[in-house]
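Q: Please take a close look at the pockets of this structure. Which residues line them, and which elements supply those residues?

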Amino acid sequence: MAKVITVINQKGGVGKSTTCESIGAFFRDQGKKVLFIDLDPQCNLSYLLGAQSDETIWEYFCAKKNNAEVSLKNFIQTTDRGDVIGSSQFLAHADSSLLEMGREYYLKEGIEELEGTYDYIVIDTPPSLGIVSINALTATNGIVIPTQADILSLQGIGQLIQTVTSVRKYSNPGLQIYGLLLVRYNARTNISKGVADYLATVANDMGTTLFDTKIRECTAIKEAQINKNSIYDYDKKSNAAKDYNSFVRELEARLG
Ligand SMILES: Nc1ncnc2c1ncn2[C@@H]1O[C@H](COP(=O)(O)OP(=O)(O)O)[C@@H](O)[C@H]1O
Ligand SMILES: [Mg+2]
């Protein structure tokens, strides 16, 4: 059975897409079968992984909406960086378009049909808690919440947890929170340290923990992305490669 991992935080620019990219690349390097699914209308993950087809997750959702016989596997593209279901800017209209009964289950139903094909499915999410994120939360085994060490990044976490609570109640009782991941960390600032301590408390209140590994601020990440490379292939000795490596090992232990 594939492990489905969703990276979510409705705040933008907190390292969701970068974290998805690195989780998937880590497992691929281990020889595992990985599927990336991009649910963000900004299509950053699709871009990083070189997904180009016009048959995106949006077309899949529209087909489900129209009750068409449709299979998620027809939307998978194979790139040098792995198997990807790309996103589309039109996904921004999902909340006003997808109004039918059962809409929160579209992705879950599609993923269930892929049974046996993948070891890991990694889902990137948009900076909002609408129907697209609900689809991810319904379809996933658990979530990773990346956050930066600033107070505004922490602000949204309470709201995210409320959404997780509703999803557990209505559409995915087994939804797990694997943990909070501190990204773009700079240990030299007192603010970072203070927020890290505070985050550990927040995580505890949520019934989860902060990952021991913190992802340090590291320019190699941006360089790797410019070169359309994974951080491991670009510079496996960089701080970011070491940090993501140790984070995914921690995550692996929490996947159960
Ligand atoms: N550890 C890091 N060090 C330096 N830059 C980073 C790091 N993680 C992410 N970034 C950069 O921060 C920006 C936002 O990251 P991204 O993954 O796109 O966030 P999100 O998907 O949450 O919007 C990107 O430009 C990315 O290259
Ligand atoms: Mg993103």
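A: The following account describes the pockets and their linings.

This is a predicted model, in which local features need pLDDT of at least 70 and side-chain atom pairs count only at pLDDT 80 or more, while totals for chains, interfaces and linings use all residues. Residues are numbered from 1 along each chain as its sequence is written.

The largest pocket (an open set of points on a 1 Å grid over the protein atoms alone, where a 1.4 Å probe fits, with protein on both sides within 12 Å along at least five of seven lines) has a volume of about 500 Å³, the volume being the space filled by probe spheres set on the points. Its lining comprises 24 residues, and Gly13, Gly15, Lys16, Thr18 and Gln225 lie nearest its centre; a lining residue has an atom within 4 Å of a point. Two or more of these residues come from each of α1 (16-29), α2 (44-49) and α10 (219-226), the helices being DSSP runs (H or I, at least four residues) numbered from the N terminus. The largest share, 4 residues, belongs to α10. By class, this lining holds 9 nonpolar, 9 polar and 6 charged residues, where Asp, Glu, Lys and Arg count as charged, Ala, Val, Leu, Ile, Met, Phe, Trp, Tyr, Cys and Pro as nonpolar, and the others, Gly among them, as polar.

The second largest pocket has a volume of about 260 Å³. It is lined by 17 residues, with Met1, Val4, Ile111, Glu112 and Ala139 closest to its centre. Helices α5 (106-113) and α6 (131-139) each supply at least two lining residues, and α5 gives the most, with 3 residues. This second lining divides into 8 nonpolar, 6 polar and 3 charged residues.

Conventions:
Chains are lettered from A and ligands numbered from 1 in the order in which they are written. Side-chain values use heavy atoms; hydrogens and water are left out.
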